[in-house]
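Thanks for making the time this morning. I would like to walk through one model with you, starting from a single residue and working outwards to the chain as a whole.

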Amino acid sequence: MDFASLMSKEIAKAKPKAESAPADRAAPGKYMRRADVEAERQKAYLAEQKELEEKRAAKAAEKRKREEDAAEEARIRDEKRRKLEEDTRRRREETAKEEERKRRKRLGLPELKEDESADASADGDAEDDIPDGELIEKLRALGEPAILFGESHKGRLRRHKKLTTVVSKGPIPTTIQMVDEKDMKVDGTMPKDKEARRYLFRQLASYFTMVLREWEMALAQEERRDTFESRAAVTAMIQSRENMTPLFRKLEKDDLDDDILEPVIEIVKAAQERRYVDANDGYLRLSIGKAAWPIGVTMVGIHERSAREKLHDGERGHVMGDEVTRKYLQSIKRCLTFAQVRWPPEDIRQLMG
């Protein structure tokens with residue numbers, strides 16, 4: 001071997017293989033087009049979004065199933081409670097009937113009948129009685145069963161009366177039929193006959209209902225409701241509405257004493273005429289009265305009992321002694337305070353302080 005061939009062999013050993021580079025460049029997948037890369041990225045994004053959507057749908061379905069299960073459990077719980085209350089009421093009525101039967105037997109009284117055990121006040125007067133045929137037709141016209149199992153004529157009459165009793169939809173639900181606003185103005189006199197007295201009660205109930213409804217609407221339209229003053233105003237309105245409920249019940253039953261009714265008429269008449277100072281004076285006369293208050297003077301003679309009797313001589317009992325009366329009288333005062341803002345007087349001197 002000559003020197004030239006030996007050198008060529010050594011040089012060939014030292015050189016890198018040039019054939020490997022084209023093979024590497026020709027390897028599939030090393031270089032990709034930008035469109036292919038974007039398509040792969042879009043495909044991966046869509047797959048990820050689809051997976052997230054499936055997870056959200058699964059969570060929503062699970063939440064909906066939990067809510068449905070909770071609603072079903074609440075319904076079953078309410079149904080059980082209702083059945084338990086009905087069973088308890090039925091057992092209590094049966095126990096009361098059994099005790100009444102034993103008492104009558106012990107006293108030698110006649111056996112208690114089913115009609116006698118019902119509430120006598122719900123039977124109505126003889127003038128409210130309806131013939132049985134006409135009563136059945138009226139019940140059918142109302143979409144009610146004509147005759148229930150074991151129901152007597154009085155029972156059907158009570159059921160018809162309950163169905164036809166109109167309850168006004170206002171701040172305080174009541175069976176008093178309201179009058180129009182133009183007929184609310186009272187004349188300030190104490191009625192004598194029964195019909196005039198009932199109409200007066202309708203006027204009073206309509207006026208207080210109007211004031212309470214306007215009060216609720218004014219608070220509902222108030223913009224700032226998260227302040228302490230707004231919450232206090234709402235609380236005062238709710239308390240006034242609840243405290244005036246006994247007054248409406250007394251108006252329904254014509255059970256309001258004349259000693260309270262007459263000053264209330266005076267207060268309402270002055271408020272309707274926008275004489276709020278005079279209405280406040282009437283409220284003070286009703287709530288405080290004219291009796292001498294023993295402030296510093298407890299004896300006007302040497303005998304204590306006769307002295308105290310002289311302090312309150314000729315005065316009626318104080319109305320504020322009754323908690324229920326005190327609350328609805330204070331609610332009337334709150335209604336006056338709102339009324340002078342809602343319907344301000346023409347004379348500024350009639351504004352209460």
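Let me start with Asn280, and with the question of whether Asn280 counts as buried or exposed. Its relative accessibility comes to 17%, and because the cut-off for buried is under 20%, Asn280 counts as buried. I should say at once that this is a predicted model, so please take every value I quote as computed from predicted coordinates. Asn280 lies in helix H11, and if we leave aside its neighbours within four places in sequence, the residues it is in contact with are Lys333 and Met352.

Helix H11 also brings us to the nonpolar interior, since H11, which spans 276–287, is one of the elements that give two or more residues to the largest nonpolar core. That core has 43 residues, and those with the most contacts inside it are Leu204, Phe208 and Met244. Alongside H11, the elements giving two or more residues are helix H7 (194–220), helix H9 (245–253), helix H10 (258–272) and helix H13 (323–342), and the largest share, eleven residues, comes from H7. If you centre the view on Leu204, you will find that, not counting residues up to four places away in sequence, Leu204 touches Val186, Leu251, Leu261, Val264 and Val268. As a general remark, nonpolar side chains in soluble globular proteins tend to be buried together.

Now let us move to helix H5, residues 132–141, where Leu135, Ile136 and Leu139 are buried. Why do I speak of these three as lying on the same side of H5? They cover an arc of only 100° around the axis, and that is what puts them on the same side. The partner against which the buried residues of H5 pack is helix H6, at 153–164, whereas the face of H5 turned away from its buried side carries the exposed residues Glu137, Arg140 and Ala141. After H5 comes Gly143, and its phi is positive, near 80°.

Next, the charged pairs. Side chains of opposite charge can pair when their charged atoms come close, and the structure holds 29 salt bridges, from which I have picked a few in helix H3, residues 34–107.

The first pair I want to show is Glu72 with Arg75, where the closest N and O atoms are 2.5 Å apart; both residues lie in H3, three residues apart, which is about one turn of the helix. Glu72 counts as partly exposed at 36% relative accessibility, and Arg75 is likewise partly exposed, with a relative accessible area of 47%.

Further along H3 we come to Arg82, which takes part in two of the bridges I want to show. In the bridge between Glu79 and Arg82, the closest N and O atoms are 2.3 Å apart, and these two residues of H3 are again three residues apart, about one turn of the helix. In the bridge between Glu86 and Arg82, the closest N and O atoms are 2.6 Å apart, and because Glu86 and Arg82 are four residues apart in H3, they are separated by about one helical turn. As for accessibility, Glu79 counts as partly exposed at 28%, Arg82 at 36% and Glu86 at 31%. Elsewhere, salt bridges that share partners join Lys185, Lys269, Glu273, Arg275 and Asp278 into one network.

On the surface, I would also point you to a nonpolar patch of about 320 Å², which is made by Phe3, Met7 and Ile11. Ile11 has its place in helix H1, residues 3–14, and is partly exposed, with a relative accessible area of 44%.

Let me finish with the whole chain. The protein chain has 13 helices and zero strands. Of its 353 residues, 23% are buried, and the chain exposes about 26,100 Å², with carbon and sulfur atoms supplying 53% of that area. Finally, if we take the contacts in the chain with a separation of 6 or more, residues 24 or more positions apart account for 62% of them.

Technical notes:
Residues are numbered from 1 along each chain as its sequence is written. This is a predicted model: local features need pLDDT of at least 70, side-chain atom pairs count only at pLDDT 80 or more; totals for chains, interfaces and linings use all residues. Side-chain values use heavy atoms; hydrogens and water are left out. A nonpolar core is a set of buried Ala, Val, Leu, Ile, Met, Phe, Trp, Tyr and Cys residues joined through side-chain atoms within 4.5 Å. Buried means under 20% relative accessible area, exposed over 50%, partly exposed in between (1.4 Å probe, protein chains only). Contact means heavy atoms within 4.5 Å. Patches are made of residues with over 30% relative accessible area and no salt bridge: like charges are joined within 9 Å, nonpolar side chains (Val, Leu, Ile, Met, Phe, Trp, Tyr) within 5 Å. Accessible areas come from the Shrake-Rupley method with a 1.4 Å probe; for residues, only the protein chains shown count as cover. A salt bridge is a side-chain nitrogen of Lys or Arg within 4 Å of a carboxyl oxygen of Asp or Glu. The arc is that of the directions from the helix axis to the C-beta atoms.
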